[in-house]
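Welcome, and thank you for taking a look at this model. Have the chain open beside you, and let us walk through a few of its features together.

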Amino acid sequence: MNDEELLDKLATWLELRLHETAGWDTGSRLYGLTVMDPEALGRNADGAARISLLAEGDVYELLDSPVAIAATVFDAVGLCCFGTATRLDTGERSRCRTVLVVNDCGRSTVNRLQGRSPERMGMASGPVAERVDLLFSAFRSTETHRPT
């Protein structure tokens, strides 16, 4: 399984766990993810990964906090943002949950509107995704400057 497939499966796995436990909260949550069995992720097995809730609050405050840098030592960082989506054609509003999973190899996103099935969105873009990428850039740059 390549890195992109692993991230897609991990994002889908995390979104399902959050759907079962977190419901339709508000704000954002930052998680550290440890992959226990990569092959079990595709089966959505409970023991496929371990989730550690690290912090919750405003998404930008979370990403600017020291906890966000610490999260990069996990196999992946999970970010869950709760909000409201509006259909442009009808104006219909729905609760939504977006799950972004990131590691130093890439990122994957799953979005779910309340009452609907989750949708894999692939590689996220935008200010939040870019901010998460900066966490790994900062982490990698400190790694290269460590004495050998």
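## Helix 1

The buried residues of helix 1 are Leu6, Leu7, Asp8, Leu10, Ala11, Trp13, Leu14, Glu15, Arg17 and Leu18. Buried here means under 20% relative accessible area, exposed means over 50%, and partly exposed is in between, with a 1.4 Å probe and protein chains only. Helices (H or I, at least four residues) and strands (E, at least two) are DSSP runs numbered from the N terminus. Residues are numbered from 1 along each chain as its sequence is written. Please keep in mind that this is a predicted model, in which local features need pLDDT of at least 70, side-chain atom pairs count only at pLDDT 80 or more, and totals for chains, interfaces and linings use all residues, while side-chain values use heavy atoms and leave out hydrogens and water.

The length of helix 1 works out nicely: its 19 residues should span 27 Å at 1.5 Å a residue, and the end C-alpha atoms are indeed 27 Å apart. The expected span is 1.5 Å times one less than the number of residues. At the start of the helix, a side-chain oxygen of asparagine 2 comes to within 3.0 Å of the backbone nitrogen of glutamate 4. After the helix comes glycine 23, with a positive phi near 65°.

## Arginine 17

Arginine 17 sits in helix 1 (residues 3-21) and is buried, at 9% relative accessible area. Leaving out residues up to four places away in sequence, arginine 17 touches Asn44, Ala45, Asp46 and Ile51; contact means heavy atoms within 4.5 Å.

## The sheet

How are the strands arranged? An open sheet is formed by 6 strands in the order 2-1-3-4-5-6, with antiparallel pairing. Strand 2 (49-57) and strand 6 (119-122) are at the edges with a single partner strand each, so one side of each has no neighbour in the sheet. On average, neighbouring strands are turned by 25° against each other, direction ignored. Two strands pair if DSSP finds at least two bridges between them.

Strand 1 (residues 28-35) pairs with strand 3 in the antiparallel sense over 6 bridges. One bridge partner to look up is alanine 76 in strand 3, which is matched with leucine 33. Helix 1 packs on this sheet, touching strand 1, strand 2, strand 3, strand 4 (93-103), strand 5 (106-113) and strand 6, and its direction makes about 135° with that of strand 4. For such angles, axes are lines fitted to C-alpha atoms, for helices over the stretch in contact, and the values run from 0 to 180 degrees between N-to-C directions.

## Alanine 71 and threonine 72

Alanine 71 belongs to helix 4 (residues 66-71) and is buried, with a relative accessible area of 0%. Beyond its neighbours within four places in sequence, alanine 71 is in contact with Leu30, Leu54, Ala76 and Val77. Leucine 30 is 41 residues from alanine 71 in sequence, yet their C-alpha atoms are 8.2 Å apart.

Threonine 72 lies in the loop between helix 4 and strand 3 (76-86) and is buried at 6%. Its side chain reaches the backbone oxygen of isoleucine 69 at 2.6 Å.

## Cysteines

How many disulfides are there? Counting pairs of cysteine sulfur atoms within 2.5 Å, the total is 0 disulfides. For cysteine 96, the closest cysteine sulfur is that of cysteine 81, 9.1 Å away and too far for a bond. Cysteine 96 is buried, at 10% relative accessible area, whereas cysteine 105 is partly exposed at 49%.

Note on methods: Polar contact = N/O pair within 3.5 Å; in protein donor to acceptor, adjacent residues only side chain to side chain.
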